[in-house]
Amino acid sequence: MKITGLSLWAVALTSHETYHMAEGKTCDTVISHVVRLETDTGLHGWGEVCPIPHYLPAYAGGVPSAVQELAPKLMGVSPLGVDAVMRDLDAHLIGHRYAKSAIDIALWDLYGKAADLPLCTLLGGRVRQEMPLYHSITCVAPEEMVRIAKDAYATGIRQFQVKLGVDQNWEADVERLTKVREAVGGGPLVYGDWNCGASKLHATRVGRAVSHLDIMLEQPCKTLEDCAAVRQATGLPMKIDEAAHDIASLWRAHELGVLDAVALKLSKFGGLSAMRRARDVTVNLGAEICAECTWGSDIVTAAALHFAASTPRGSLLNTCDLSSYVAPRLCPCAPQRANGRIAPPEGAGLGVPPDRDILGTPILEVS
């Protein structure tokens, strides 16, 4: 089997409601890029990446240029040794992990289809039938966040990510966390996420004010060292997100005592190949994993779900059905949440053939 062609689409994904984060970060309508790799056997593999503004060192406009640069290196190559292919791409174009993640996912999809196996089998074996979801609550007025939490709770969700910091008001953030915790009662996991947008002082004041509650904090500050200072001052467990992007950063977070949980995101690490290696390290360090990506629709969600389904027992905190937050759905038959949980797609590879009518006309074709 050899790769004979590559196509790239750009699809505008619109959030069902504008998604607000600290420091003015928002998600409303963002561009997701979809990659298809074709082969001489007729099999093809799908990948997707969707950077959001002001979030990570990644941007949607960089994807087409990076993919166009890498495409010639893929022509005539066997897709069955994914790690070897990705090493060659890394040597040709240093960095740009976010763009490479879409190619890497497409290679894994091809691998699964060639082996006639679901991706979770190839990623280590399926160890669970379905996974717990968290629901992310946009940072708006506390009363509206309570409504969102209650609506999600009614659907079976028992893990809640409470966005903080949009108004730089520590007392408002205390109110958000307190009211959401009261709304969902004892038991469910509640964690406040600043997306790097808080100072040490702000996050510490919030953490101390809610220290009597069962609360976890997520990435309050930009550096791991500042996050560690907040954890020490508040005594609250911490999840790292933006600052965990490779194996070295995972080790550093562990050394600083802030790796209670971590978001492993496909676009941060560069796809499933690098995420597998990061998972091995994370499991051995004793942290729990949120398996997801930055943003996107059904293709990238399917990749995260297969990854979550194959994550060792005791090491998966939750996963995220990103496609439920946006429209359009690229694959209307893709899995949807039920009772706060979700299962990976069935079938070989990713198991999510996108609707070509939704994709429209490719913006790039290479053969």
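This report describes a parallel stretch of strands around strand 7 and then turns to the cysteines of the structure, which is a predicted model.

**Strand 7 and its neighbours**

Strand 7, spanning residues 189-193, is mostly covered, since 4 of its 5 residues are buried. Strand 6, made of residues 159-163, pairs with strand 7 in the parallel sense over 5 bridges, and within this pairing V190 of strand 7 is the bridge partner of F160. Between these two strands the chain passes through helix 6, residues 170-184, in a β-α-β crossover that is right-handed.

Strand 7 also pairs with strand 8, residues 216-218, again in the parallel sense and over 3 bridges, with D193 standing opposite E218 of strand 8. Here the chain runs from strand 7 through helix 7, residues 200-209, to strand 8, and this β-α-β crossover is likewise right-handed.

**Cysteines**

How many disulfides does a search of the whole structure find? The search returns 0. Because a disulfide requires two cysteine sulfur atoms within 2.5 Å, the distances listed below leave C196 and C333 in no disulfide.

| Cysteine | Cysteine with the nearest sulfur | Distance to that sulfur |
|---|---|---|
| C196 | C227 | 6.8 Å |
| C333 | C331 | 3.3 Å |

The two cysteines can also be described by their surroundings: C196 counts as buried because its relative accessibility is 11%, whereas C333, at 62% relative accessibility, counts as exposed.

Notes: Residues are numbered from 1 along each chain as its sequence is written. This is a predicted model: local features need pLDDT of at least 70, side-chain atom pairs count only at pLDDT 80 or more; totals for chains, interfaces and linings use all residues. Side-chain values use heavy atoms; hydrogens and water are left out. Buried means under 20% relative accessible area, exposed over 50%, partly exposed in between (1.4 Å probe, protein chains only). Two strands pair if DSSP finds at least two bridges between them. A crossover is right-handed if, with the strands pointing away from the viewer, the path from the first strand over the helix to the second runs clockwise.
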